[in-house]
Amino acid sequence: CSSDLSFHKGIDISEGFVPVYGKPIYAASDGVVVSAINYANTSGYGYYVVIDHGYDENGVKITTLYAHCSEILVRAGQTVVGGETVRSEERRVGKE
């Protein structure tokens with residue numbers, strides 16, 4: 001995060017103002033892990049996972065990003081099932 005405030009095109013999911021630290025995070029749908037970054041990087045996301053869910057009925061590619069992880073439980077190339085745990089906890093909670 002930088003001091004320059006900007007918004008992204010995604011949505012942040014949490015339990016309202018209650019931090020989600022320590023709660024499991026699940027894959028939104030079946031897919032293949034594209035990235036599982038569990039080392040220091042300059043993305044602003046910290047540790048993160050990206051899952052490719054394929055294309056919807058309109059031909060739009062669907063991917064999900066799970067950011068600010070403290071632990072990653074999957075690896076790149078792994079096939080995941082919707083509902084499978086991909087990370088176990090948040091590293092921080094706040095606006096990106």
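The side chain of Thr-64 makes a polar contact with the side chain of Tyr-66, at 3.0 Å. It is a small detail, but I will start there and work outwards. Bear in mind that this is a predicted model.

Thr-64 has another polar contact, with the side chain of His-53, at 2.8 Å. The strand that holds Thr-64 is S4. Is Thr-64 buried or exposed? Its relative accessible area is 18%, and the cut-off for buried is under 20%, so Thr-64 counts as buried.

What does Thr-64 touch, once neighbours within four places in sequence are left aside? The list is Ala-28, Val-49, Val-50, Ile-51 and His-53. His-53 therefore appears in that list of contacts and also as a polar partner of the buried Thr-64.

Now the strand next door. S3 covers residues 47-55, and six bridges join S3 to S4, with the two strands running antiparallel. One pair to find on your screen is Tyr-47, whose bridge partner in S4 is Cys-69. S3 and S4 form a hairpin, and five residues lie between them. In that turn, Gly-59 has a positive phi of about 80 degrees.

Next, please look at Asp-52, which sits in S3. Which side chain does the side chain of Asp-52 meet in a polar contact? The partner is Lys-61, at 2.7 Å. Lys-61 belongs to S4, which spans 61-69. The side chain of Asp-52 also reaches a backbone atom, the nitrogen of Gly-54, at 2.7 Å.

Asp-52 has further contacts, again leaving aside neighbours within four places in sequence. Among them are Lys-61, Ile-62 and Thr-63. Others are Asp-30, Gly-31, Val-32 and Val-34. Of these, take Gly-31, since it leads to the next strand. S2 covers residues 31-37, and Gly-31 stands opposite Val-80 in S5. Two bridges join S2 to S5, and these strands are antiparallel as well.

That gives us the pieces of the sheet. In what order do the four strands lie? The order is S4-S3-S2-S5, in an open sheet with antiparallel pairing. The edge strands are S4 and S5, the latter being residues 79-80, and each of them pairs on one side only.

To go back to where we began, Thr-64 lies in S4, and S4 is one of the edge strands. Thr-64 is nevertheless buried, at 18% relative accessible area. Asp-52, in S3, has its side chain in polar contact with Lys-61.

How values were computed:
Residues are numbered from 1 along each chain as its sequence is written. This is a predicted model: local features need pLDDT of at least 70, side-chain atom pairs count only at pLDDT 80 or more; totals for chains, interfaces and linings use all residues. Side-chain values use heavy atoms; hydrogens and water are left out. A polar contact is a pair of N or O atoms within 3.5 Å; within protein, one must be able to donate a hydrogen and the other to accept it, and residues adjacent in sequence count only if both atoms are side-chain atoms. Contact means heavy atoms within 4.5 Å. Two strands pair if DSSP finds at least two bridges between them. Buried means under 20% relative accessible area, exposed over 50%, partly exposed in between (1.4 Å probe, protein chains only).
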